[in-house]
Amino acid sequence: MITALSLILAFQLVGEILSRALDLPLPGPVVGLCLLVAACILRPTLAARLRPTAQGLLSHLSLFFVPAGVGVVAHWPVLRDHGIGLALAIMGSTLLAIAAGALTFQAVARWTGAVDPSALKGRSND
Amino acid sequence: MTDPALIWSYLAQGPLLWLTATLVAYVIGDALFRAAGRQSWANPVLIAVILLALLLGATGTDYATYFEGAQFVHFMLGPATVCLALPLYDNLPRVRRAAWPMLAGLVVGSGVAITSALLIARAFGISGPVLASLAPKSTTAPVAIGIAERIGGQPTLTAALVLLTGIFGAIVVTPLLNALRVRDWRARGFAVGVAAHGIGTARAFQVNETAGAFSGIGMGLNAVLTAIIAPIVVGWLG
């Protein structure tokens, strides 16, 4: 687990250095993500080695957003001043963006024949 | 026996108390989420944030003191983002097949997110720095803050708007896409990643591994696209 964590941190570190050195529009961890995918393609054993630790971290991805979420409370006065407008802008645009993105993806998948029956949701209510 | 006030003043200064409180709040949030049958409205992040906000208010603790302890949890966002590489790698054959749908979904989802947010806000008389702070709210926080700084927004306000967008997106995605009868996990995950970044991705992983993988890709691609188009849209509508 410590080896896996060291490797993951090393990818983040290299990503951070590249992001700053090359002035990329992507933050360091996202660059590290891309590098790790490339490394796994080159050496599939790496993926097997990191998988247990990665799954452990990803199964609690929500937890890592909590401290930043509490920060919303610290900005409460600004949010309250523009309350209705900001709330409706966030809610309206998020609903529209999810609907538009998903419907477009689905339509183009049908149109280009990229439908994947194994990726279809059952009829449960999840 | 030591005076409880002394013990409190000792604990209030170190990271232990607020680190523990953050984890316990999340454990409670996650337990309630499970007890509610993993329904999206019982979002564990939202529950934990509300509990901690109440606790900070009750004890008169400011955010900077809280963050001294919580920063260790916050730090793990970086390594967890790197870990998104694994589900992406596992789904690579699926990803290759879905290049065109992803490109179309990205451009439409990202464009609609920015344009509709700015139009609605402008209709309510919001302009200037607040409008610029709103533009990148669908992207992951570090990218959104960078974009906001470049287009004249307030980085701290952007961070709060990013969080609210993520929580709202994670709560509405399941009922919304069920109502629209979108059954493709790839489309469902990808759209929530584009519109609601990492918190949407966390929700997608709670439901389906493929949805989570595509959500991570949507989040990454939208970070790049928003960096390019947000300044242009703010130029038109700002």
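Start by selecting chain B and colouring it by secondary structure: there are 13 helices and zero strands to find. Walk along from the N terminus and each element you meet is another α, giving α-α-α-α-α-α-α-α-α-α-α-α-α. Keep in mind that you're looking at a predicted model.

Now zoom out to see the whole of chain B. With a radius of gyration of 19 Å against the 18 Å that the globule rule gives for 238 residues, chain B is as compact as a globular protein of that length. Turn the C-alpha trace along its principal axes and chain B spans about 70 × 40 × 30 Å.

Next, switch to burial. In chain B, 54% of the 238 residues count as buried. If you draw the contacts in chain B with a separation of 6 or more, 66% of them join residues 24 or more positions apart.

Time to split chain B in two. Select 4–75 for domain 1 and 82–237 for domain 2. Put a marker at the centre of each, using C-alpha atoms, and the distance between the two domains of chain B reads 26 Å. Then go to where they touch: six residues of domain 1 of chain B meet nine residues of domain 2 of chain B. On the domain 1 side of that contact in chain B, you'll find three nonpolar residues, two polar and one charged.

Last stop: select chain A and colour by pLDDT. The mean for chain A is 88, with 97% of its residues at 70 or more. Among the elements of chain A, helix α1 (residues 2–21) has the highest mean pLDDT, 95, and helix α5 (residues 76–81) the lowest, 78.

Conventions. Residues are numbered from 1 along each chain as its sequence is written. Chains are lettered from A and ligands numbered from 1 in the order in which they are written. This is a predicted model: local features need pLDDT of at least 70, side-chain atom pairs count only at pLDDT 80 or more; totals for chains, interfaces and linings use all residues. pLDDT is the predictor's confidence in each residue, from 0 to 100. Helices (H or I, at least four residues) and strands (E, at least two) are DSSP runs, numbered from the N terminus. The radius of gyration is taken over C-alpha atoms; the globule rule is 2.2 Å times the number of residues to the power 0.38. A residue is buried if 20 or more other C-beta atoms lie within 10 Å of its own, exposed if 12 or fewer, and partly exposed in between; C-beta atoms are placed from the backbone. Two residues are in contact if their C-beta atoms, placed from the backbone, lie within 7 Å. Domain bounds come from an automatic or database domain assignment. Ala, Val, Leu, Ile, Met, Phe, Trp, Tyr, Cys and Pro count as nonpolar, Asp, Glu, Lys and Arg as charged, and the others, Gly among them, as polar.
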